[in-house]
Amino acid sequence: MATIVHPLSPSSRPEILAHLLALAPEDRRLRFGVPLADETIAGYVARLDFDRDAVFGVRDDDGHLVGVTHVATLDDAVELGLSVNATQRGRGLAQAMFRRATLHARNRGFGELYMHCLSENATMMHIARKAGMRIVIDGADRDATLALPPATPLSVGEEIYEGQLVLLDLALRNAFAGARGALVPS
């Protein structure tokens with residue numbers, strides 16, 4: 001089954017925070033480029049601007065957030081940051097979130113997607129290479145850029161289709177959760 005990448009909203013802040021705080025210290029360093037304390041991560045989540053930026057997530061079968069992507073607006077480009085729970089890696093979740101972030105940025109007229117990562121972040125380097133990103137090496141850091149083509153009717157339709165899959169996924173999760181007496185967060 002395809003990975004469904006959900007748009008997240010300000011009401012998702014507690015889940016986003018829990019996801020990021022659950023990352024091991026080394027995973028936090030790889031995600032943010034430096035080791036971060038819990039308080040710093042809490043401040044980052046509190047400052048997420050859902051009006052300017054986009055935040056997407058992937059949920060496991062129980063509805064828990066297991067992957068998060070932040071698509072931050074930088075004038076005519078976007079910067080991508082993503083993380084996946086250690087227990088969920090190797091299933092293509094990061095690749096699905098990257099593809100969804102790229103589609104989102106392209107359909108909003110952004111000309112470039114940018115990622116900054118540490119050289120030892122093999123997963124992000126693999127995603128960058130697979131996407132055909134131009135990678136610039138600067139010591140222990142890597143900057144990757146991808147020129148985004150303009151939106152087309154097909155790319156807009158693809159995003160609408162993905163939105164319908166999200167609605168279907170939420171409806172099914174809530175139907176099953178309702179049978180168990182709990183609702184799934186949107």
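These are my notebook entries on a predicted model, going from strand β4 to the cores, the pocket and a few single residues.

**Entry 1: S83**

I started with S83, which sits in strand β4, residues 77-84. Is S83 buried or exposed? Its relative accessibility is 5%, under the 20% limit, so I put S83 down as buried. Next I looked for a partner of its side chain, and found a polar contact with the side chain of H19 at 2.7 Å. I then listed what S83 touches, skipping neighbours within four places in sequence: H19, L20, L23, R31, V66, G67, V68 and M97. H19 is thus on my page twice, as a polar partner and in the contact list.

**Entry 2: G81, on the same strand**

G81 also has its place in β4. Its relative accessible area is 12%, so G81 goes into my buried column. Leaving out neighbours within four places in sequence, I found G81 in contact with R31, V68, T69 and H70. R31 and V68 are names I had already written down for S83. I also checked G81 against F98: 17 residues separate them in sequence, and their C-alpha atoms are 9.1 Å apart.

**Entry 3: the cores**

Which residues have the most contacts inside the largest nonpolar core? My list reads V71, L80, F98, L113, M115 and M133, in a core of 29 residues. Two or more residues come from each of β2 (54-59), β3 (65-74), β4, α4 (93-107), β5 (112-118), α5 (122-130) and β7 (141-147). Helix α4 gives the most, with 7 residues.

I followed L80 a little further. Beyond four places in sequence, L80 is in contact with T69, H70, V71, F98, A101, L113, Y114 and M115. A second core stands separate from the one above; it has 12 residues, among them I16, I41, F50 and V68.

**Entry 4: the largest pocket**

I turned to the largest pocket and noted a volume of about 700 Å³. Which residues lie nearest its centre? They are R31, L82, S83, N121 and M124, out of 34 lining residues. I was pleased to meet S83 here again, having begun with its contact to H19. At least two lining residues each come from α2 (25-32), β3, β4, α4, β5 and α5. Sorted by class, the lining has 16 nonpolar, 11 polar and 7 charged residues.

**Entry 5: helix α3**

In α3, residues 38-47, I marked I41, G43, Y44 and V45 as the buried residues. I41 is also one of the residues of the second core. What covers the buried residues of α3? I found α1 (13-22), α2 and β3 among the elements that do.

**Entry 6: E162**

E162 belongs to helix α6, residues 153-180. I had to check this glutamate's exposure: with a relative accessible area of 10%, E162 is buried. Setting aside residues up to four places away in sequence, E162 touches R99, R100 and L103. I also looked towards the start of the chain, where H6 is 156 residues from E162 in sequence but has its C-alpha 8.8 Å from that of E162.

**Entry 7: D75**

My last stop was D75, in the loop between β3 and β4. Its phi is near 55 degrees, a positive value in a residue that is not glycine. I flagged this because most residues other than glycine have a negative phi. Is D75 buried or exposed? At 73% relative accessibility, D75 counts as exposed.

Methods. Residues are numbered from 1 along each chain as its sequence is written. This is a predicted model: local features need pLDDT of at least 70, side-chain atom pairs count only at pLDDT 80 or more; totals for chains, interfaces and linings use all residues. Side-chain values use heavy atoms; hydrogens and water are left out. Helices (H or I, at least four residues) and strands (E, at least two) are DSSP runs, numbered from the N terminus. Buried means under 20% relative accessible area, exposed over 50%, partly exposed in between (1.4 Å probe, protein chains only). A polar contact is a pair of N or O atoms within 3.5 Å; within protein, one must be able to donate a hydrogen and the other to accept it, and residues adjacent in sequence count only if both atoms are side-chain atoms. Contact means heavy atoms within 4.5 Å. A nonpolar core is a set of buried Ala, Val, Leu, Ile, Met, Phe, Trp, Tyr and Cys residues joined through side-chain atoms within 4.5 Å. On a 1 Å grid over the protein atoms alone, a cavity is a set of points where a 1.4 Å probe fits but cannot get out, and a pocket is an open set with protein on both sides within 12 Å along at least five of seven lines; lining residues have an atom within 4 Å of a point. Grid points are joined across faces, edges and corners, and a volume is the space filled by probe spheres set on the points. Ala, Val, Leu, Ile, Met, Phe, Trp, Tyr, Cys and Pro count as nonpolar, Asp, Glu, Lys and Arg as charged, and the others, Gly among them, as polar.
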